[in-house]
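User: I'm new to reading protein models and would like a close look at one part of this one, namely the packed interior and the aromatic rings in it. Could you walk me through it in plain words?

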Amino acid sequence: MSGRRDAGPTVVATAVVVVCVLPVFLTGGMVTQLREDLALDVSAIGVAMSAFVAAQALCSRSLGRRADRIGAAAALRIATGIALASSVLLATLVTDVVGLTVALSLAGVANALGQPAASRLLSRVVGERRQGLVFGIYQSSKPIAGLQGGLAVPAIALTVGWRWAYAVAAVATVLLLVHLLRSPAEDASEGRTPPPVASDRPRAAGARPTLDRSVRVPLLIGAALGFGAVKVFATFVVDGGVEAGLSPATAGLVLSAASALAVASRLTVGLVADRRSGHQLGMVAAMLGVGSLGFVLLALSRPGPVVAGALVVAAGAWGYNGLFYLSVTRLLTAAPGTITGLVLSSSSVGGVLAPLAFGLVVDRWSYTVGWGATAAWGLVAAGMLRVAHLRTAAPTTVPATGGS
């Protein structure tokens, strides 16, 4: 398949995941404004942000399998519709932590379906020799959303108000949903219908692909801890920067710069992966390890180290996602939606616990202690993924009634 034919599915997959996660990244970028307007403390924001990943954790395993059954096109449309409901609620009805929690939970459900559907689409449509770059682009959806969340602070939240940022997100989601409903299987770049999307059909029942336990356990533990560390960073780096002495506008721009660097990192390692065969879990572990050192700089709680630490975290710990999801789909090529949902479910457990724990630590002690703890569990995550890399075995197939 040519690069031009790859472009349409890549844009669609990336756009869907962007609108699914944009509500939570806008919230992370505007924590200071939300705290002031809704009278919330850091731990309350942590609860609401954890609701996003809690919903994701509860739903992603089953919705990943559903994406494999109903096909990528239908799953992408449903996910976008749920994301729209989240943005509309945030723009109009949220007045307290309960409303914020409900709205972000909807976004978590949207991403629990949208991300496995996007992985299925790209693994079926894009040739293996281009998958590294394409997965890097698609997994750049989250730092792209983070960039938008950071820019929303000086451009919208500090001018016309934070609700308008969610309103803009809702409008963008409507436009994407209209496109998907009118031409759900269309190659957006050429107006053609690629067979892997249009003819995406349920796979045969009776066999459930899985990974060897010696690989699966450290892989899922590493995913949980690594995602938790990144979730804390994306949620609290702006507020932590303000506490360290940055202005709210500057702290928002730091998030945007970190997001842009994370995108560049994902694209770069994707290109490297295209020149290598097999999964790249060893490289993923190395990136998490380097990125975790950035949390040590954040723990210094001074403007200069905070800016430097944010960039280090972005290049490493926030830059590994595309390579990670490429690796797991290569480990289980028979069911890319299923393995993506399984990993997303596990990683979401870390995403639930980490913001909660971080918020409580900051309220009890300080951002310095919180960032130090985050550095520790990021390094443990890197170690677990290294173990999974060393124990990698060929995927096996067990009866559908067997273990997961």
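Analyst: Sure, let's begin with the whole chain and then zoom in. Of its 404 residues, 58% count as buried. Keep in mind that this is a predicted model. The chain is built from 16 helices and 2 strands. It exposes about 14300 Å², and carbon and sulfur atoms supply 66% of that area. There's also a lot of long-range contact here: among contacts between residues at least 6 apart in sequence, 85% join residues at least 24 apart.

How far can you trust the picture? The mean pLDDT is 78, and 79% of the residues reach 70 or more. Two stretches call for some care. Over residues 184-208 the pLDDT is below 50, although in the model this stretch has 63 contacts beyond near neighbours in sequence. Residues 393-404 also have a pLDDT below 50, with 24 contacts of that kind.

Now for the interior. The largest nonpolar core has 112 residues, and those with the most contacts inside it are Phe233, Trp318, Phe324, Val343 and Trp371. Helix α10 (residues 213-243) gives the largest share of this core, 12 residues.

Let's settle on Phe233, which lies in helix α10. Its relative accessibility is 0%, and buried means under 20%, so Phe233 counts as buried. Leaving out residues up to four places away in sequence, Phe233 touches Ala258, Phe295, Leu298, Ala310, Val313, Trp318 and Trp371. Look back at the residues with the most contacts inside the core, and you'll find Trp318 and Trp371 among them. Here's a nice example of the chain folding back on itself: Phe233 and Ala314 are 81 residues apart along the chain, yet their C-alpha atoms are separated by 9.0 Å.

Phe324 is another of those core residues with the most contacts. Setting aside residues up to four places away in sequence, Phe324 touches Leu219, Ala223, Leu281, Val284, Val343 and Leu385. One of these partners, Val343, is also on the list of residues with the most contacts in the core.

On to the rings. How many aromatic pairs does a search of the whole structure find? There are 7. Ring pairs link Phe233, Phe236, Phe295, Phe358, Tyr367 and Trp371 into a cluster, so Phe233 turns up again here.

Take one pair from that cluster, Phe358 and Trp371. Their ring centres are 4.9 Å apart and their planes meet at 55°. Why is the pair called tilted? Planes under 30 degrees apart would count as stacked and over 60 as edge-to-face, so 55° falls in the tilted class. The pair links distant parts of the chain: Phe358 sits in helix α15 (residues 336-364) and Trp371 in helix α16 (residues 367-390), 13 residues apart. Are these two buried or exposed? Phe358 has a relative accessible area of 1% and Trp371 has 2%, so both fall under the 20% limit and count as buried.

There's a ring with a charge by it too. The charged end of Lys231 sits over the ring of Phe25, 6.0 Å from the ring centre.

The buried part isn't just nonpolar residues, though. Gln56, in helix α3, is buried with a relative accessible area of 0%. Apart from neighbours within four places in sequence, Gln56 is in contact with Gly108, Asn111, Ala112, Phe227, Leu344 and Ser348.

For contrast, here's a look outward. Ala155, found in helix α7 (residues 141-157), is exposed, with a relative accessible area of 52%. Ala155 and Ala249 are 94 residues apart in sequence, but 8.9 Å apart in space, C-alpha to C-alpha.

Two loop residues round off the tour. Most residues other than glycine have a negative phi. Ala39, in the loop between α2 (31-38) and α3 (42-70), has a positive phi of about 55°. Its relative accessible area is 68%, which makes Ala39 exposed. Ser301, in the loop between α12 (281-298) and α13 (303-315), also has a positive phi, near 55°. Ser301 is partly exposed, at 25% relative accessible area.

Note on methods. Residues are numbered from 1 along each chain as its sequence is written. This is a predicted model: local features need pLDDT of at least 70, side-chain atom pairs count only at pLDDT 80 or more; totals for chains, interfaces and linings use all residues. Side-chain values use heavy atoms; hydrogens and water are left out. Rings of Phe, Tyr and Trp (its six-membered ring) pair if their centres lie within 6.5 Å; planes under 30 degrees apart count as stacked, over 60 as edge-to-face and the rest as tilted. Helices (H or I, at least four residues) and strands (E, at least two) are DSSP runs, numbered from the N terminus. Buried means under 20% relative accessible area, exposed over 50%, partly exposed in between (1.4 Å probe, protein chains only). A charge sits over a ring if NZ of Lys or CZ of Arg is within 6 Å of the ring centre and within 35 degrees of the ring normal. Contact means heavy atoms within 4.5 Å. Accessible areas come from the Shrake-Rupley method with a 1.4 Å probe; for residues, only the protein chains shown count as cover. pLDDT is the predictor's confidence in each residue, from 0 to 100. A nonpolar core is a set of buried Ala, Val, Leu, Ile, Met, Phe, Trp, Tyr and Cys residues joined through side-chain atoms within 4.5 Å.
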